[in-house]
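Here's a quick briefing to read alongside the model. Have the viewer open while you go through it.

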Amino acid sequence: MTRFIGRHGRGVLGLVIAALVVVAAVAAPLLVAQDPLQSDFALGLKPPGTPGHPLGTDQLGRDLLARVLYGARVALFIGLSCVLLTAVVGGLAGLLAGYYEGWFGAVVMRVADVQLSFPFILLALTINAIVGLGLRNIIVSLSVAGWVVYARVVRGEVLSVKEREFVHAAQALGLGRARLLFRHILPNVAPSIVIVASLQFAQFIVAEAAISFLGFGVQPPTPAWGSMLSESRDYLYVAWWLAAFPGAALALTALGINLVGDWLRDVLDPRFRV
Amino acid sequence: MSALTARARSASRSGIWGCCAQEAPKPADTGSLYSSGRARRRARPGIGYTPGVRAYLLSRLGQTVLVVFLSLTAVFFLMRLGGDPVLLFLPMDIQAKDLSEFRERLGFNDPVAVQYGRFVGRAIRGDFGESLRYKQDALGLVLERLPATLYLALAALGLTFLVAVPVGVLSAVRRGSLFDFFGMGAAVLGQAVPGFWLGLMLIYLFSVQLGWLPTGGTGSARHFVMPCVVLASFYAARMARITRSSVLDTLNEEFVLTARAKGLAERMVIAKHALKNSAIPIVTLAGLDTGQLLGGAVITETIFAWPGLGRLTVQALLNRDFPVVLAAVFIFSVTYTLINLVVDLLYGWLDPRTRTRAAGT
Amino acid sequence: MTRFTTLLTALAVLLGLAASAPAQDRARTKEIVVAFAAEPRTLLPVTIVDWTTNNMVEHMYDRLVDRDPKTYKPAPMLATGWKVINDTTWEFTLRRNVKFHNGEVFDARSVKATMEYIKDPANKTHYQPRWALVKEVQIVNDQTVRFVTEKPWPGLIDRIAGSDFLPMPPKALKEQGAPALAAKPIGTGAFRFVQWVRDEKLVVERNPDYWQTPAEASRVTFRFIPEFSARLAALLAGEIDIMKDVPPQNVEMLDKSGKARLRATVSSRINYLALVNLKPGPMQDLRVRKAIQAAVNVDELIQQVLKGRATKMCGPLSPINVDYSPKLQCAKHDPAQAQALFKEAGVDPTRLQLTLDSPSGRYPLDKDVSLAIAAQLQRLGIKTNVVVNEWGTHLDKIKNRTTGDMFFLGWGPALDAQNTIEQLFLGKQTYSSYGNNAALEAKINQAVTIVDPRKRLEAWAEIQQLVRDEAPWVFLWQQHDLYGVANWIEWTPRADERIWMYEAKLAR
């Protein structure tokens with residue numbers, strides 16, 4: 001039993017937290033009666049414990065608990081979209097770069113280098129000019145910034161998997177390149193993609209806060225933890241709850257997802273399975 | 001059996017484990033001398049300045065130039081998508097004809113290709129033009145701010161190493177213990193808390209309530225404390241986790257088991273064998289991070305009013321100050337690619353095995 | 001080698017030198033610290049139009065003509081008197097016994113040299129278009145100059161009463177050139193330049209030879225802190241003494257802090273909701289515009305969102321504006337009237353979908369006000385999509401006429417009619433939201449040429465009435481400028497947004 005906790009304790013904790021977040025996101029309308037978008041000017045900046053507003057209200061009188069719970073939706077949406085986009089694009093780029101080495105691989109890696117060597121906010125700003133502020137901007141910006149990781153990791157993996165005996169064997173058998181790539185190499189590379197994805201998920205959610213801080217947050221009145229945190233800066237000294245609760249939600253969610261990611265890593269490592 | 005463990009080892013070297021505590025590229029990725037895109041079957045005699053090293057360095061420098069050039073080109077064209085720069089730095093009561101006169105004078109009415117050609121011609125000579133916002137040479141402005149960011153980044157890097165590596169090593173050695181649990185818990189939290197939030201909390205506590213530390217600016221060692229902590233928090237957390245996983249991997253390697261079997265003291269085993277070999281992902285990450293620290297210090301510099309390059313770049317971007325943005329990107333690119341080069345050279349020193357991929361595991 | 005020394009110097013600056021002294025010490029030595037969000041863009045006067053820059057530059061340079069801090073009418077400063085000689089000539093009498101910080105005497109040559117500096121295209125100053133109408137400056141004698149204009153320009157006195165003309169030392173300008181002056185400013189001002197640490201602070205010290213009584217403050221440091229909550233923290237920690245733009249909700253906390261308190265003033269800067277009629281849409285119908293005016297409850301916005309910190313306006317000009325005429329009637333908040341007007345215009349409010357463009361953080365609670373307006377319109381069933389723009393994008397959209405049906409903007413300092421109405425109600429102006437009204441345009445173009453002050457006021461009064469009737473905006477308010485000021489400093493903010501530490505009195 002203790003062995004189970006030792007090995008899987010963190011993972012279980014992470015899964016529980018993640019489950020809570022999902023529940024909050026999905027069941028938000030059932031859990032709270034208030035509308036997170038409904039403003040009531042007379043009730044601005046009320047502290048937690050005000051009747052009808054257990055966590056207080058923000059400057060426009062919107063209920064904070066409702067916004068935190070609905071914010072889970074946005075967080076999960078951002079995380080999932082970004083992860084999907086980056087994993088697919090980056091994974092594909094890495095696969096191809098690793099498999100078709102030489103010219104193509106070098107080009108992909110240099111593109112990655114070029115992109116990494118200029119500031120992230122420039123991407124956000126330019127994307128902002130094309131699609132405007134809001135959720136789309138955030139997802140596109142974060143995805144553009146994030147695909148590089150996958151490309152690098154996957155390429156490295158592919159390079160090493162390529163050397164394995166079964167690949168040589170398959171090639172000797174005359175297997176087509178595409179089939180080799182997708183049916184044989186990809187499954188071996190998949191665990192690393194999954195693990196990176198799980199850890200990037202949390203990072204994307206936290207990065208939304210950084211983007212909001214720079215001024216490219218979600219459009220109001222959509223509740224998103226990062227932009228709520230950013231807006232709370234103006235009221236830090238008069239309404240601590242505006243920073244505390246979204247911040248706690250953000251930190252907790254990231255914590256849970258990271259724990260799950262760590263656990264996945266432990267579990268998928270063949271050595272420790274023995 | 002040994003073949004299987006060897007396979008596992010090679011998988012770990014280039015794969016999942018080091019990477020997953022985020023983004024540490026493997027030697028294979030960076031196209032280093034020791035394992036490049038093409039399979040090199042030449043055996044290298046050892047560390048030494050063979051003709052191959054010189055050729056390699058030249059080739060890498062060439063690549064650096066290429067990357068920098070491409071970055072500048074990309075930024076040049078991307079910025080023009082972002083909106084009219086002239087509008088932003090002229091007063092709001094400007095008349096239309098004066099607006100177009102300013103545009104004309106600054107060369108923004110010319111076709112983009114012409115502007116680009118002009119830019120390249122001048123950039124080669126180190127002239128990035130005059131800042132649109134300040135009446136000052138753009139590159140000079142950027143270089144003026146660079147030291148402040150460098151010092152902050154180095155201090156943060158130092159703090160990162162000081163804290164993260166011991167924590168990571170200890171957590172790995174005492175895997176499953178309470179220390180491991182809380183250490184990694186803190187590390188995960190360090191990555192989960194947004195930097196600006198941490199910064200503002202620290203300011204509230206240490207400046208407003210306790211009055212121990214200044215809210216921002218520079219001028220004494222005390223001014224370094226909070227910005228360093230905030231900047232380092234994310235990277236230290238990540239470094240701790242990678243260190244732990246990397247040390248864990250190494251501790252189970254055959255040669256370590258062999259060393260233990262030979263009866264060497266535990267501490268010696270760790271220090272001599274495990275650390276050196278686990279250093280690769282750490283070094284990689286440090287390299288990546290230094291580059292990102294320079295750019296990622298933006299938020300820290302803004303909150304703590306630190307007069308650095310990150311803050312200048314953000315303001316230049318928001319103000320559409322093209323010359324300064326381009327000059328800043330130039331400096332970033334150069335620094336980043338040079339750091340990559342240094343990291344790759346360090347690989348060779350740290351782990352001779354990586355010098356040739358085909359040496360067989 | 002210079003790069004290396006730069007690095008070392010930078011390190012020395014970062015580590016060495018004095019850390020900022022706490023408030024009690026500064027009260028004794030009479031040193032004030034003012035926080036701005038950004039640093040000056042240059043230390044040359046009359047070169048770059050920028051509120052932050054001018055505020056700091058004007059500690060070292062004086063205006064030729066100032067504005068009275070109470071009435072905001074032109075008041076003597078380096079010029080003691082002025083009069084119109086003929087249609088195209090203004091004459092100014094200059095003050096005697098004024099010296100620049102380097103000992104040079106201030107006289108007519110300085111005025112001429114400054115105007116030449118502005119008009120020289122090589123200097124690329126932003127002020128050149130503002131002085132385009134001036135042909136030349138003639139020196140009559142040491143204490144008298146004449147501004148000769150191309151066309152009659154009765155508004156010259158409004159233009160010159162402010163930051164647009166700050167005399168520079170002619171000899172230093174000629175011998176050392178503008179760049180030297182940029183590195184080491186030399187003016188006639190109440191404070192002398194000490195040092196500028198880029199992106200960190202600007203330090204000036206009291207000028208004992210000032211032509212008025214020397215300032216009470218012995219030294220003023222301007223610190224540049226971009227992050228608002230860090231500025232507030234610095235104020236609460238006693239590191240700085242004055243900061244601008246405290247949000248209304250923080251006022252109570254500030255007053256109770258024991259370190260600083262609120263000092264507020266009604267600003268000349270106005271905020272408004274533009275109803276864009278420059279492109280096809282519902283806003284081209286006057287009745288729809290009037291209906292929107294009736295639908296928005298400005299009083300509620302001021303009370304609930306701004307906590308009372310704004311002064312309602314009924315027309316395009318505020319009472320502080322020198323050309324203001326008080327006969328205008330405010331649009332009343334009347335939902336029934338709004339419904340009636342919509343019906344008359346054949347528009348069903350429940351099916352109306354509007355877009356409101358708003359900046360974020362540029363004006364006090366601009367985003368929140370925009371959201372609140374949307375909520376108020378929602379009461380009538382109108383769906384408003386609030387699009388929050390980054391500032392540069394916002395300006396771009398307005399200029400390119402790609403905003404939605406409405407946008408939120410501010411304008412200021414708005415101290416005279418020409419610089420307000422002419423800029424905002426002529427269809428071709430960069431940031432205008434209203435046009436297609438030939439009669440109004442003709443009247444405006446005519447009014448700016450009237451020389452006789454009384455006739456001018458009458459013309460502007462008529463225009464204000466016309467503009468009000470056209471309902472081009474939902475007229476909102478004059479901002480209140482909320483400053484946090486340390487308890488040991490007595491300083492009253494000005495409506496023209498000038499922060500001048502010469503006016504600061506220090507508690508004994």
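How many of the 508 residues of chain C count as buried? The share is 51%, where buried takes 20 or more other C-beta atoms within 10 Å of a residue's own, exposed takes 12 or fewer, partly exposed sits in between, and C-beta atoms are placed from the backbone. Keep in mind that this is a predicted model: local features need pLDDT of at least 70, side-chain atom pairs count only at pLDDT 80 or more, and totals for chains, interfaces and linings use all residues. Residues are numbered from 1 along each chain as its sequence is written, and chains are lettered from A and ligands numbered from 1 in the order in which they are written.

**Chain C overall**
- Chain C has 17 helices and 19 strands; these are DSSP runs numbered from the N terminus, with helices being H or I of at least four residues and strands being E of at least two.
- Its radius of gyration is 24 Å, close to the 23 Å from the globule rule for 508 residues, so chain C is as compact as a globular protein of that length. The radius is taken over C-alpha atoms, and the rule is 2.2 Å times the number of residues to the power 0.38.
- Along the principal axes, the C-alpha atoms of chain C fill a box of roughly 70 × 55 × 50 Å.
- Of the chain C contacts between residues at least 6 apart in sequence, 70% link residues at least 24 apart; a contact means C-beta atoms, placed from the backbone, within 7 Å.

**Strand β5 of chain C**
- In β5(C), residues 89–94, side chains alternate: Trp90(C), Phe92(C) and Leu94(C) point to one face and are buried, while Thr89(C), Glu91(C) and Thr93(C) point to the other and are not.
- On one pairing, β4(C) (residues 79–86) runs antiparallel to β5(C) with 6 bridges; pairing takes at least two DSSP bridges between the strands.
- Those two strands, β4(C) and β5(C), make a hairpin with 2 residues between them, and Ala79(C) has Leu94(C) as its bridge partner.
- β5(C) also pairs with β7(C) (residues 144–149), antiparallel over 5 bridges, with Glu91(C) partnered by Arg146(C).

**Chain A and its helices**
- Chain A comes out as 10 helices and 0 strands, and 55% of its 274 residues count as buried.
- Its C-alpha box is roughly 75 × 55 × 30 Å along the principal axes.
- Helix α7(A), residues 177–214, spans only 45 Å between its end C-alpha atoms, against 56 Å for a straight helix of 38 residues at 1.5 Å a residue; the expected span uses one less than the number of residues.
- α7(A) bends by about 55° at Leu186(A), with the proline Pro187(A) following within four residues. The bend is the angle between axes fitted to the seven residues ending there and the seven starting there.
- After α7(A) comes Gly215(A), with a positive phi near 110°.
- Helix α9(A), residues 241–268, has its end C-alpha atoms 40 Å apart, which agrees with the 40 Å expected for 28 residues. Of those 28 residues, 21 are buried.

**Confidence in chain B**
- Chain B has a mean pLDDT of 74, with 69% of its residues at 70 or more; pLDDT is the predictor's confidence in each residue, from 0 to 100.
- Helix α2(B) (residues 16–20) is lowest, at a mean of 31, and helix α9(B) (residues 195–209) is highest, at 90.
- Residues 1–47 of chain B have pLDDT below 50, and this stretch has 105 contacts beyond near neighbours in sequence.
- Where pLDDT is low, the predicted coordinates should not be read in detail.

How values were computed:
Two residues are in contact if their C-beta atoms, placed from the backbone, lie within 7 Å.
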